[in-house]
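This report covers a ligand site and the domain layout of one chain. The sequence and structure come first.

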Amino acid sequence: MKTIDDFNFADKKVLLRVDFNVPLNKDYSIADDTRIQAVIPTIQKIRKDGGSVILMSHLGRPKTGHEEKYSLKHVVAHLSDLLNCKVNFADDCIGNDAKEMSEALQAKELMLLENLRFYPEEEKGDLEFAKKLASLGNFYVNDAFGTAHRAHASTAVIAQFFSDHKCFGYVMAREIANADKVMNSFERPFTAIMGGAKVSDKLLIIESLMDKVDNLIIGGGMAYTFFKAMGGKVGKSLVEEDRVELCKEIMLRAKTKNIHFLLPYDSITANAFSNDAVISEADNMNIPDDVMGLDIGAMARKTFYDVIVKSKTVLWNGPMGVFEMSNFANGTKAVAVAVVEATDKGAFTLIGGGDSAAAIAKFGFENKVSYVSTGGGALLEYFEGKGLPGIDAMNS
Ligand code: AMP
């Protein structure tokens with residue numbers, strides 16, 4: 001894996017694919033700049049070497065060409081503040097103006113291209129569009145792990161125009177190295193904790209992990225489809241009827257593979273999907289008809305904790321309950337505490353995929369685990385064992 005530390009960028013014009021897909025407030029100010037902050041070291045390394053930088057990114061999901069609310073011009077001022085230098089902006093990502101601006105760039109100077117997704121060719125992975133982008137620079141760096149699972153023009157197709165003048169930025173390199181550590185050089189016991197709303201979203205990753213893990217912990221809304229598969233009464237809890245058979249198969253396979261398969265014994269239940277609902281507790285084979293399970297119960301918290309703290313490798317994706325509501329956050333918090341304790345004892349712990357990262361941040365533990373991935377869908381697909389186009393393109 002070649003990274004930017006393997007190159008000197010003096011006199012290079014570097015096309016840098018970043019993930020500036022940041023949430024914007026109504027007045028177009030930036031609500032959360034984490035993704036911008038993350039790539040600053042990559043930008044600075046290139047500039048320090050004496051290279052110039054042509055930044056390209058997508059923002060949101062524009063439908064028909066240019067849309068003001070998705071313009072990347074909204075990030076220019078903040079980026080300029082963070083870097084303490086001028087950021088030129090090309091209001092079209094291809095075409096004469098972008099070309100002239102890129103040709104005029106001097107060492108250490110920067111420009112940002114307008115939202116790549118204003119062209120449908122970006123998501124279609126159009127070769128001609130990729131070629132036009134490629135013509136703006138003479139070196140390609142990909143630092144957008146969040147889109148590495150997409151075979152888009154700027155994330156994958158473009159790489160073929162740079163022969164050996166291409167590499168990963170620091171964010172990509174870090175994400176790949178950490179995911180790889182869990183997937184390929186894990187220490188046992190290896191525990192995977194899967195949670196979140198739906199089992200259908202996580203089936204592929206569960207199947208792939210069953211070839212590796214010692215313990216597989218299931219929590220969150222997805223657990224109830226497993227209880228249904230065992231003939232349990234789950235009340236109004238979330239169930240995916242069309243996945244019941246698959247859950248049976250997973251449990252059978254876990255048994256054949258000698259995996260310690262842990263479902264939550266009990267739940268915190270509620271009579272409505274609300275923090276103000278009437279709360280009770282139930283064992284998961286016998287949840288009353290008029291309530292739903294919204295968090296794992298006390299027995300489950302204890303059992304999961306005991307397994308997690310003894311692990312040497314932990315992968316956690318998805319909350320144990322509706323952690324956004326304080327009355328149903330205890331299960332997720334208990335797991336987070338266990339993951340932190342395992343980390344303290346020397347385990348390698350990786351938290352990944354949207355909501356689990358949000359949960360760990362909510363409890364203030366983001367610096368107390370080994371690594372919190374920002375990858376979301378890309379990370380999940382990596383663990384599903386699929387090659388990611390953004391990574392494969394760089395290696396070919
Ligand atoms: P996911 O994006 O699949 O990881 O799902 C995360 C979402 O699952 C969070 O917003 C949680 O509120 C939700 N969730 C977790 N447990 C439950 C549950 N028992 N019932 C309903 N939703 C849940």
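## Polar contacts of the ligand

In this predicted model, a backbone N or O atom of alanine 197 is placed 3.0 Å from an oxygen atom of the ligand. Two side chains also come within polar contact distance, for which the cut-off is 3.5 Å. Lysine 202 has a polar side-chain atom 3.1 Å from an oxygen atom of the ligand. For glutamate 324, an N or O atom of the side chain lies 2.5 Å from a ligand oxygen atom.

The ligand taken alone exposes 500 Å², and the protein buries 81% of that area.

## The surrounding shell

The ligand is surrounded by 13 residues. Ala197, Lys202 and Glu324 belong to the closest of these, together with Gly293 and Asp355. By class, the shell consists of 5 nonpolar, 5 polar and 3 charged residues.

How does the space taken by the ligand rank among the pockets? That space is the second largest pocket.

## Domain layout

The chain is split into two parts: domain 1 covers residues 4-173 and domain 2 covers residues 186-383. By these bounds, Ala197, one of the closest residues to the ligand, falls in domain 2.

The C-alpha centres of domain 1 and domain 2 are 36 Å apart. Contact between the domains involves 4 residues of domain 1 and 6 residues of domain 2.

Note on methods: Residues numbered from 1 in each chain as written. Predicted model: local features only at pLDDT ≥ 70, side-chain atom pairs only at ≥ 80, totals over all residues. Heavy atoms only, no water. Near = heavy atom within 4 Å. Polar contact = N/O pair within 3.5 Å; in protein donor to acceptor, adjacent residues only side chain to side chain. Areas by Shrake-Rupley, 256 points an atom, 1.4 Å probe, with all protein chains shown as cover. 1 Å grid on protein atoms, 1.4 Å probe; cavity = no way out; pocket = protein on both sides within 12 Å on 5 of 7 lines; lining within 4 Å. Sits in = over half its atoms within 2 Å of the grid points. Nonpolar A, V, L, I, M, F, W, Y, C, P; charged D, E, K, R; others polar. Domains from an automatic or database assignment. Contact = heavy atoms within 4.5 Å.
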